[in-house]
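Hi,

Here is the structure I said I'd pass on. My notes on what turned up follow below it.

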Amino acid sequence: MTIEKPMLRRFPIRILVANMFLMAILITAGIAISLQYNASKNMVVAHVLSSMNLLSAHMRDSVHSLEKDAIQTVNLLAELIDSDLSDTSIEEKSSLLTAFLLERPELYSLYIGDKQENFFQIVNLDSAKDIRQRMSAGPNDRWAAVDISGRGEDRLRRTYYYSDTLRLNHQNIESSHFYPTKRPWFAASEQNHINKTEPYLFQHLQISGQTYAKRIRNTEQVIGLDILLSSLSEQLTLSSSSFFNGQEQAILVNHDGNIIASNMTRDDSSDKTVPHPSLQDYLGTPLKRLIDLANDPNAQQPILIEKEDHQPYYVFVTAIGNDILTRQYLTMLLPKDLLFHQATKEALNTTLLSAVVMLVLLPIIWLFSAPIVRPIRQLQRETEKIKQRQFDDVTFTDSHIKEIWQLSNAFVSMSQDIKQHEESLKEFLEALIRLIATAIDNKSAHTGGHCYRVPELGLMLSEALEHTQEGPYKDFQFANANERLEFHLAAWLHDCGKITMPEHIMDKGSKLECLYNRIHEIRTRFEVLWRDAEIDYLHAIHTQQQDPNAALATWQARQNDLQEQFAFIAKANIGSEFMSKEDQQKIKDIGAQTWTRHFDNRLGLSPAEETMRAEQAQAGHLNNEETPAHGITESLLSDKPEHIIPRFKEITFDPLLGIKMDIPEHQYNQGEIYNLIIQKGTLTEEDRFKINEHIISTITMLESLPFPPELSRVPHYASTHHERMDGQGYPRKLNAEQLSIPDRVLMIADVFEALTASDRPYKKAKPISAAIDIMYKMCLEGHLDLQLFRFFLSSGTHLKYAEKFLPENQIDEVDIQMYLEDKK
């Protein structure tokens, strides 16, 4: 059953052109209104930020002045008082200290404490509005003198309340557990040095403040001065009221986010002092976000938040650097509707004006659209030709309208420019890919040229396929130049993932090779055993008085065994032969011999090695004891915990990529026995996966590139040269039905180049006869396409490649007939 598509309404092009102009005007008006609105908003934000900078500077100056007065007062008193005041009367001490506080009404108190736990304090009852209530003072009391002395249950706190003329109004006596030496300000133990505490809670008043203290010279007394942080709220309220309209909330917080001052009325009206809430709890916004906003000069302010009252606010944050509160941050909250109210009103008026203008312009647009219709239709057809990349078919469209005539000329010129630009881009892309492939080849001296030779061989074979006039491939053709370029680029990029492969794995020419060949370490251990045998010989004849001839024979036999054992280990390290189970066991038996180490193997380690050893020791895999004087017995060959290199990150494959590869547990296993008993070649399971992983990197890298549609199969072609016809390859385990002819061409090119290459560290270059014989067996085993391999031989592509890239000593006689017929 055929589903009919609904008929679309058709409109005359004149209406469409009119609508186009109308839409252009709408868009233009929208952009203009948006720009105007944003400009108004930016002006508002700039004004607020400027005002905040002024407020910050004002607060910084106020606090700096307050600190300066505090430091000068403490220094002056410390200089004036040069004797112990413990025996001085209450009246004399009160008179002395009030004289300093009288000139500085913003300071809270002055006090003196000593190591005998005597404490005397004068409190300025006018320093804050709630001090009298907290100190239980009367309305006529101007000063409060606190004297604490005694020990244990006899320790008393005597509070004397004085008028402004220092007349005693009344007093109060109560027990006390206050000890000055336990307070943070008593830490001022050096002369000529003022100790400034971090803000803390005053014990008696339960109000946050800060203390400046200094030891009085020639005494064991410390003089201190307190300031109240609540005074900053009054400063903030007074300062912010002169900058904003009264509806803002100004909050000063420290680096921990605790609110230390604000211009807001406290919610509680009780006499009991409660700590200020944190800014994070008040705003419901992470503190780090606000601090990062203040510290980043490029950050976009303000940010929009919604507090617990569900009212939206704009938040501005700026940092205040001063010496009283480290890392202060000034935060300003403005209601959302208030901040941009004027900008919204102006944008609405502009919108209404634009609507009126468009209504007036609509008939004019309709009138002047007629001469545009015909040439626009023609230009649209020419545009379609450009879209289809039919650049040579684009024709000139004549018109009395100058702009359309110019546009038509531009279309013709543009089509040719696009054509040339597209060709230059393709040339640039191919050159860039060749550059990447060359860089990968140059990464290792042992694989140089591979990324260059494989594409050359792939092109040779694909061209032979396209030119053949008979056989199973007579109909094979790339549809166009783009498909041919697609295959060529894939061939160049087939190993681009090797850029992520470590060189010590790519160049591993022996089993014990990491960043260097560890056979030299093992040779040194054999040298130790050699000398141990000589020592045993000397000990036998000189200490144990054994028969010299018998001892000599034992010594010589032992040295012969060591020579044979090391030769066997060294040969196994090369990995040129298949290792049997018996040889593997022999490696383990040789490695079971012991030698004595006397030097600490924890010395001289890199930070990474020390970290790994610490983790292994914590997990119980490593003995971290010191080396005893008599040494530690170790195996000649060993697989130690430190030989295991764990994966630094988990490997996961996107299911859409279809990757089917088993991932070893560890990143690397550098165990000596583990590596020496490799059956074939020099690579462990972990090494092999790391090498095979390059194809995953190739897929990941190429899939992330925005290839145009005509080059969309580049990632696929580049990732299939390690697949097998029987579906046992990697990374996707594709089978013959899933592998196209270009895929199979790259598989043959990659194998033949690898077998004949003379720059591999783990093998010698094969002559072409040996390479062809190996490839034939790979075909029979289901690795390569036998039919395509036979065409590779019969077309002479192998000889064409050999003559161009191989030395003469590798080009030997090959009877290809024996590979072109099925053997009975």
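Helix α11 (residues 450-467) packs against helix α23 (residues 786-794) at an angle of about 90 degrees, and their axes are 10 Å apart. The two are therefore roughly perpendicular to each other (the label covers 65 to 115 degrees). Leu457, Leu461, Ala464 and Leu465 of α11 make the contact with Leu788, Phe791 and Phe792 of α23, where contact means heavy atoms within 4.5 Å. By class, that gives 7 nonpolar residues, no polar and no charged.

Before I go on, the fine print: this is a predicted model, with local features needing pLDDT of at least 70, side-chain atom pairs counting only at pLDDT 80 or more, and totals for chains, interfaces and linings using all residues. Residues are numbered from 1 along each chain as its sequence is written, and side-chain values use heavy atoms, with hydrogens and water left out.

Next, strand β9 (residues 221-228): 8 of its 8 residues are buried, i.e. under 20% relative accessible area with a 1.4 Å probe, protein chains only. Gln221, Ile223, Leu225 and Ile227 sit on one side, with Val222, Gly224, Asp226 and Leu228 on the other, so to speak both faces are covered. β9 also pairs with strand β1 (residues 109-114) in the antiparallel sense, over 6 bridges (pairing takes at least two DSSP bridges). Within that pair, Ser109 has Asp226 of β9 as its bridge partner.

As for the whole protein chain, there are 25 helices and 18 strands (DSSP runs: H or I of at least four residues, E of at least two). Of its 824 residues, 44% count as buried.

Cheers

Definitions and conventions
Axes are lines fitted to C-alpha atoms, for helices over the stretch in contact, and angles run from 0 to 180 degrees between N-to-C directions. Angles under 35 degrees count as roughly parallel, over 145 as roughly antiparallel, 65 to 115 as roughly perpendicular and the rest as oblique. Ala, Val, Leu, Ile, Met, Phe, Trp, Tyr, Cys and Pro count as nonpolar, Asp, Glu, Lys and Arg as charged, and the others, Gly among them, as polar. Buried means under 20% relative accessible area, exposed over 50%, partly exposed in between (1.4 Å probe, protein chains only).
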